[in-house]
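Subject: Handing over the protein–DNA model

Dear colleague,

I am passing on the structure below, and after it I have set out what was found, going from the DNA to the protein chains. Please keep it open beside this message as you read.

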There are 2 protein chains.
Amino acid sequence: MTDPEVHHEVGLRLAEQGGRYTMLRQTLVETMAKAGRPLNITEILDDNPGTSQSSAYRNISVLIEAGAVQRVSGSDDHGRFELSEDVLGHHHHHLVCTTCGRVDDLVPSPALERAFAEAARRAARKADFDVTEHRFDLIGLCAQCR
Amino acid sequence: MTDPEVHHEVGLRLAEQGGRYTMLRQTLVETMAKAGRPLNITEILDDNPGTSQSSAYRNISVLIEAGAVQRVSGSDDHGRFELSEDVLGHHHHHLVCTTCGRVDDLVPSPALERAFAEAARRAARKADFDVTEHRFDLIGLCAQCR
DNA sequence: ATTTATGCAAATCGTTTGCAAACCT
DNA sequence: AGGTTTGCAAACGATTTGCATAAAT
């Protein structure tokens with residue numbers, strides 16, 4: 001999904017819940033679209049000078065409620081945020097660096113996703129658990145930290 | 001690994017860093033061993049009446065540093081703790097309930113682990129990332145919350 | 001005796017919220 | 001005007017820490 005489409009989609013989702021697609025919300029979405037990986041609050045504020053932290057948090061919450069953004073938990077306890085898979089238009093996993101905390105996106109192979117689906121089916125049967133999604137993270141050292 | 005072996009192993013690991021395997025530490029380990037799934041602080045304290053919260057946290061930290069316990073992040077922001085895979089003697093994944101936050105252990109099939117290894121290899125090549133471990137969580141509804 | 005562990009209360013830190021002013025339609 | 005959004009400062013909640021006491025070796 002290209003940038004204009006992303007903004008259009010996010011605008012629609014906000015409108016659906018009676019929210020406005022404010023300038024700040026647009027720049028937050030722009031920041032996340034540019035990054036292509038989950039960002040923490042500091043990184044988001046650095047890319048949006050003059051924005052108050054509380055407004056950033058509040059708008060990210062709104063965007064999460066609208067299904068436009070998702071929260072990602074990395075190795076440290078700082079929350080990270082990125083555009084939702086719905087808005088991005090593709091499913092992906094994460095590479096989590098234990099040293100610097102950076103998280104990168106990783107698009108899985110169809111074969112891997114098939115293995116996940118099979119695992120989910122098995123778990124549903126064995127543990128009587130209703131799987132709605134999965135999370136797969138590779139933990140280790142990023143290129144900069146090796 | 002059976003219970004006495006778990007205690008012995010944890011005791012060794014603590015001794016290695018000049019720590020003592022206190023009564024409280026033993027009961028904390030006992031609590032986690034009994035549970036067989038990651039517990040949050042409340043659950044741990046409920047099973048150890050009279051223990052102060054700070055002591056629980058402090059000792060869990062010590063056990064984590066000793067490699068005897070690992071922290072697990074679920075759906076909510078409450079940390080959850082369980083015996084480390086080293087001490088348990090087996091690798092596993094997690095079933096995370098989005099409604100009640102409960103996390104259960106799930107031992108993967110060899111086929112799935114093979115798929116993970118392949119994914120790790122691929123990521124290492126493509127993203128120049130040094131994978132040391134992986135995290136696979138199935139998110140959904142547990143039997144009680146369906 | 002000397003080191004380590006404990007409990008209490010206070011501090012920390014990421015995140016959330018109350019409120020009054022600014023904004024949009 | 002009527003609702004939404006903003007920034008500031010204060011509140012929140014999980015976790016950590018300082019300190020004085022208790023326990024273990």
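A polar contact, in the sense used here, is a pair of N or O atoms within 3.5 Å of each other. With that cut-off in mind, we can begin with DNA strand C, where a base oxygen is 2.9 Å from an N or O atom in the side chain of Arg20(B), so the pair falls within the 3.5 Å limit. Please remember throughout that this is a predicted model, and that the distances below are computed from it.

**DNA strand C**

Two further side chains of chain B can be placed beside this strand: an N or O atom of Ser54(B) is 3.3 Å from a base nitrogen of DNA strand C, while an N or O atom in the side chain of Asn59(B) is 2.8 Å from a phosphate oxygen. The elements that give two or more residues to this surface are H4 of chain A, together with helix H2 (23-35) and H4 of chain B. Around DNA strand C there are 19 residues, of which Gln53(A), Tyr57(A), Arg25(B), Ser55(B) and Arg58(B) come nearest. Sorted by class, the surface near this strand has two nonpolar, 11 polar and six charged residues. If we turn to the DNA side, 63% of the atoms of DNA strand C within 4 Å of the protein belong to sugar or phosphate, and the rest belong to bases.

**DNA strand D**

Which parts of DNA strand D do the polar side-chain atoms of Arg25(A) and Ser54(A) lie beside? For Arg25(A) the answer is a phosphate oxygen, at 2.5 Å, whereas for Ser54(A) it is a base nitrogen, at 3.3 Å. Chain B also takes part, since a polar side-chain atom of Arg71(B) lies 3.4 Å from a phosphate oxygen of DNA strand D. Two or more residues of the surface near this strand come from each of helix H2 (23-35) and helix H4 (53-65) of chain A, and from helix H4 (53-65) of chain B. Of the 19 residues around DNA strand D, those that come nearest are Arg25(A), Ser55(A), Arg58(A), Asn59(A) and Tyr57(B). By class, this surface has two nonpolar, 11 polar and six charged residues, and of the atoms of DNA strand D within 4 Å of the protein, 61% belong to sugar or phosphate, with the rest in bases.

**Where chain A and chain B meet**

The size of an interface is often given as the accessible area that is lost when the parts come together. Here chain B and chain A bury about 3,000 Å² between them, and 61% of that area is on carbon and sulfur atoms. Phe129(B), Arg135(B) and Ile139(B) supply 24% of the area that chain B buries against chain A, which is more than any other three residues supply. The contact takes 32 residues from each of the two chains, chain B and chain A.

Four salt bridges are found across this interface, and one that you can look up is formed by Arg146(A) with Asp128(B), whose closest N and O atoms are 2.8 Å apart. The count of residue pairs in polar contact between the two chains is 14. On the chain B side, strand S4 (93-97), helix H6 (110-127) and strand S6 (130-141) each supply at least two residues, and the largest share, 12 residues, comes from S6(B). By class, the side of chain B that touches chain A has 19 nonpolar, six polar and seven charged residues.

S6(B) also pairs with a strand of the other chain: 11 bridges join it to strand S6 (residues 130-141) of chain A, and the two run antiparallel. Within this pairing, the bridge partner of Asp130(A) is Leu141(B).

**Chain A on its own**

Chain A has six helices and six strands, and read along the sequence they follow the pattern α-α-β-α-α-β-β-α-β-β-α-β. The C-alpha trace of chain A spans about 50 × 40 × 25 Å along its principal axes. Three strands form an open sheet with the order S1-S3-S2 and antiparallel pairing. Strand S1 (39-40) and strand S2 (69-73) of chain A stand at the edges, and because each has a single partner strand, one side of each is left without a neighbour in the sheet. Two bridges join S1(A) to strand S3 (residues 79-83), and there Leu39(A) stands opposite Phe81(A) in S3(A).

With best wishes

Key
Residues numbered from 1 in each chain as written. Chains lettered and ligands numbered in written order. Predicted model: local features only at pLDDT ≥ 70, side-chain atom pairs only at ≥ 80, totals over all residues. Heavy atoms only, no water. Contact = heavy atoms within 4.5 Å. Buried area = accessible area lost by both parts, 1.4 Å probe. Salt bridge = Lys/Arg side-chain N within 4 Å of Asp/Glu carboxyl O. Polar contact = N/O pair within 3.5 Å; in protein donor to acceptor, adjacent residues only side chain to side chain. Helix = DSSP H or I, 4+ residues; strand = E, 2+ residues; numbered from the N terminus. Nonpolar A, V, L, I, M, F, W, Y, C, P; charged D, E, K, R; others polar. Pairing = 2+ DSSP bridges. Near = heavy atom within 4 Å.
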